[in-house]
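Student: Can we go through the labels on this model one by one? I want to see the value behind each.

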Amino acid sequence: MSYFPAIILLPDEGEISLNGKPIEEDSIKKILSGIHQQDHIFYADYHDNCSLFDTYKPDYKKMERYFKNGFLNRVKNRSDCRELSGGEKQILLLMRSYASQKEIILLDEVFTSIDLVNREDARNFIFDMDAQLFISVTHDLSEGNLRQYDEVLVMENGQLKKKGDSVNLNAVNV
């Protein structure tokens, strides 16, 4: 399955299932959300960007307990979130995606533009979320990054090369 801004491609053969139930093409957008490296931030404030103009009902208290270091003060007080740094935008997109309450969230290099101070908070935020499946694309094969994932698939030229957890995979040497 591939995910692009508005196009979802299902496999030519085989079946994709979630919790033992096949995922049908017409239902995929109901259960899938994604964050790209350059996703859209609206000319709007924190609340409207997080809630997608009240489409979603974010649990702000739960989301905000993860981000300290002044991040929330900088973001909450902006009337135009397009002025945020790249990393701040990525965190805002993580919050929006979480607020969507979709069952599957695809993350495309979501941590690359987040500074080191906030990166660990963002990782903790993702890995503490309830009942959501995260599929993350990353080029960061460091043990520190991969240790949080339940399963790691290493792809090369479109082919599966290795599969396992970060410890058994010895992903650092991939």
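Tutor: We will set each label against its cut-off. Keep in mind that this is a predicted model.

Student: How many aromatic pairs does a search of the whole structure find?

Tutor: The search finds six aromatic pairs. One of them joins Tyr-46 and Tyr-60.

Student: What makes the pair of Tyr-46 and Tyr-60 tilted?

Tutor: The centres lie 5.6 Å apart, and the limit for a pair is 6.5 Å. The angle between the planes is 45°. Stacked needs under 30 degrees and edge-to-face needs over 60, so the angle falls in the remaining class, tilted. Tyr-46 belongs to helix H2 (residues 46-51) and Tyr-60 to helix H3 (residues 60-64), 14 residues apart. Both Tyr-46 and Tyr-60 are buried.

Student: Why is the pair of Tyr-98 and Phe-125 called edge-to-face?

Tutor: The planes of Tyr-98 and Phe-125 meet at 70°. Edge-to-face begins over 60 degrees, so the label holds. The centres are 5.6 Å apart. Tyr-98 is in helix H5 (residues 86-99) and Phe-125 in helix H6 (residues 116-127), so the pair ties together parts 27 residues apart in sequence. Tyr-98 and Phe-125 are both buried.

Student: Which residues do ring pairs link into a cluster?

Tutor: The cluster holds Tyr-66, Phe-67, Tyr-98 and Phe-125. Two of these names return with Asp-121: this residue touches Tyr-66 and Phe-67, and also Lys-68 and Asn-69, leaving aside residues up to four places away in sequence. Asp-121 is in helix H6.

Student: Why does Asp-121 count as buried?

Tutor: The relative accessibility of Asp-121 is 15%. Buried means under 20%, so Asp-121 qualifies.

Student: How do you know that the length of H5 agrees with its residue count?

Tutor: H5 has 14 residues. The rule multiplies 1.5 Å by one less than the number of residues. That gives an expected span of 20 Å, and the end C-alpha atoms are 20 Å apart, so the two agree.

Student: What makes H5 mostly covered?

Tutor: In H5, 12 of the 14 residues are buried. Among them are Gly-87, Glu-88, Ile-91, Leu-94 and Tyr-98. The buried residues of H5 pack against strand E5 (32-35), H2, H3, helix H4 (71-76), strand E6 (104-108) and H6. Just after H5, Gln-101 has a positive phi of about 55°.

Student: How is E6 placed, covered or open, and which strands pair with it?

Tutor: E6 is mostly covered, with four of its five residues buried. E5 and E6 pair in the parallel sense over four bridges. E6 and E7 also pair in the parallel sense, over five bridges. A pair of strands needs at least two bridges, so both pairings pass. Leu-106 in E6 stands opposite Gly-34. Leu-106 also stands opposite Ile-135 in E7.

Student: How many salt bridges does the count come to?

Tutor: The count comes to six. One of them joins Arg-78 and Glu-83.

Student: What makes Arg-78 and Glu-83 a salt bridge?

Tutor: The closest N and O atoms of Arg-78 and Glu-83 are 3.7 Å apart. The limit is 4 Å, so the pair counts. Glu-83 has 53% relative accessibility and the exposed class starts over 50%, so Glu-83 is exposed. Arg-78, at 27%, is partly exposed.

Student: Why is Asp-80 called buried and its partner Arg-82 partly exposed?

Tutor: Asp-80 has 7% relative accessibility, which is under 20%, so Asp-80 is buried. Arg-82 has 43%, which lies between 20% and 50%, so Arg-82 is partly exposed. The closest N and O atoms of the two are 3.0 Å apart.

Student: What ties Arg-123 to Asp-140?

Tutor: A salt bridge does, with the closest N and O atoms 3.6 Å apart. Arg-123 lies in helix H6 and Asp-140 in the loop between strand E7 (133-137) and helix H7 (143-146), so the pair joins parts 17 residues apart in sequence. Arg-123 is buried at 9%, while Asp-140 is partly exposed at 29%.

Student: Where does the charged end of Arg-123 sit?

Tutor: The charged end of Arg-123 sits over the ring of Phe-111, 4.9 Å from its centre. The distance limit is 6 Å.

Terms used. Residues numbered from 1 in each chain as written. Predicted model: local features only at pLDDT ≥ 70, side-chain atom pairs only at ≥ 80, totals over all residues. Heavy atoms only, no water. Buried < 20%, exposed > 50% of the residue type's maximum accessible area, 1.4 Å probe, protein only. Lys NZ or Arg CZ within 6 Å of the ring centre and 35° of its normal. Contact = heavy atoms within 4.5 Å. Salt bridge = Lys/Arg side-chain N within 4 Å of Asp/Glu carboxyl O.
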